[in-house]
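Here is an informal look at one protein chain, with an eye on what holds its parts together. Have the viewer open while you read.

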Amino acid sequence: MRRVVISLLVAALGVTSACAYTVNGTAVSEQVLDIDPPFTSEQQVPSTEPSEPEDEPGTGTVGDICALVGWGDLPYEVPDKQAEPTETGYDTTFDQSCKWQTSVGDLDVGVTLRFREGRAITLEQSNGEFEVEGRAVTYFDRTTDTSVQPSCVLVMDYAGGGIGIIVIDGSARFGAICDQGKKVAEVLLANEPTG
């Protein structure tokens, strides 16, 4: 009987010690305010005009798209509403890209823009469309997608090319995320370069 009790105690000790373990590794770094854009690009119908050499980002025929939106157009509370975007030219797969990023508590929130000259940008997936100033703005609401930060991705034809807008906001303090993106689209369309 004593051997049975000892065997049971050893087995119980083995089971309980197997449940206690240490997780090794390093802490996850702060998330970058960005998600992979679910965009595809379509080549616009070629023009019969001779092509001109490509310029540096932000200096093409449409000028600096990132200068058309500012902190004053966004709902976020920042010390200087006249400040430049947080980062520009960070996505080299596009002709122009820029980001306005700030923090609300321990969350990063903000807006990113990506622009391509001469090519439309489309979404691989979408779940709605706005009409802004007569222009179709397709969006993909990702507020409940747990694989990414709460966000909304919007695309529209813009200045002879295409523009993608991504709004990231897990704070739920500034209204619906896609509505924030719609307001950015309104600002862009009000300032659209004509050529």
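What follows walks through the sheet, the disulfides and the aromatic contacts of this model, which is a predicted one.

Let's start with the sheet. Seven strands make up an open sheet, and going across it the order is β2-β3-β4-β9-β8-β7-β6, with antiparallel pairing. Which strands sit at the edges? Those are β2 and β6 (128–132), each of which pairs on one side only. On the β2 side, the strand is joined to β3 in the antiparallel sense over two bridges. If you want a residue to look for there, Glu87 stands opposite Lys99 in β3. Then there is helix α2, which lies across β4, β6, β7 (135–141), β8 and β9. Against β8, the helix runs at about 25 degrees.

Next, the cysteines. How many disulfides does the model have? The count is two, and with the bonded cysteines numbered in sequence order the pairing reads 1-2, 3-4. The table puts them side by side.

| Disulfide | S to S distance | Torsion about the S-S bond |
|---|---|---|
| Cys66 and Cys98 | 2.2 Å | about -95 degrees |
| Cys152 and Cys178 | 2.0 Å | about 100 degrees |

Take the Cys66 and Cys98 bond to begin with. Its torsion is about -95 degrees, so this disulfide is left-handed. Cys66 belongs to the loop between β1 (39–43) and β2 (87–88), while Cys98 is in strand β3 (residues 96–104), so the bond ties together parts 32 residues apart in sequence. Are these cysteines buried or exposed? Cys66 is buried at a relative accessible area of 7%, and Cys98 is buried too, at 0%.

Now the other bond. With a torsion of about 100 degrees, the disulfide of Cys152 and Cys178 is right-handed. The pair links distant parts of the chain, 26 residues apart: Cys152 is in strand β8 (residues 151–158) and Cys178 in helix α2 (residues 177–190). So here a disulfide connects the helix to β8, one of the strands that α2 lies across. Cys152 is buried, with 0% relative accessibility, and Cys178 is buried as well, with a relative accessible area of 6%.

On to the rings. Two numbers describe a pair of aromatic rings: how far apart the centres are and what angle the planes make. The structure has three aromatic pairs, including Tyr76 with Phe174, an edge-to-face pair at 5.0 Å centre to centre and 85 degrees between the planes. Tyr76 is in the loop between β1 and β2 and Phe174 in the loop between β9 (161–168) and α2, so this contact ties together parts that are 98 residues apart in sequence. Both of these residues, Tyr76 and Phe174, are buried.

Phe115 and Tyr158 make another of the pairs. Their ring centres are 6.4 Å apart and their planes are at 90 degrees, so this one is edge-to-face. Phe115 comes from strand β4 (residues 107–116) and Tyr158 from strand β8, with their positions 43 residues apart in the sequence. Phe115 and Tyr158 are both buried.

Finally, look at where charges meet rings. Lys99, the residue opposite Glu87, has its charged end over the ring of Tyr90, 4.6 Å from the centre. Arg116 does something similar with Phe94: its charged end sits over that ring, 3.9 Å from the centre.

Methods:
Residues are numbered from 1 along each chain as its sequence is written. This is a predicted model: local features need pLDDT of at least 70, side-chain atom pairs count only at pLDDT 80 or more; totals for chains, interfaces and linings use all residues. Side-chain values use heavy atoms; hydrogens and water are left out. A disulfide is a pair of cysteine sulfur atoms within 2.5 Å. Helices (H or I, at least four residues) and strands (E, at least two) are DSSP runs, numbered from the N terminus. Buried means under 20% relative accessible area, exposed over 50%, partly exposed in between (1.4 Å probe, protein chains only). Rings of Phe, Tyr and Trp (its six-membered ring) pair if their centres lie within 6.5 Å; planes under 30 degrees apart count as stacked, over 60 as edge-to-face and the rest as tilted. A charge sits over a ring if NZ of Lys or CZ of Arg is within 6 Å of the ring centre and within 35 degrees of the ring normal. Two strands pair if DSSP finds at least two bridges between them. Contact means heavy atoms within 4.5 Å. Axes are lines fitted to C-alpha atoms, for helices over the stretch in contact, and angles run from 0 to 180 degrees between N-to-C directions.
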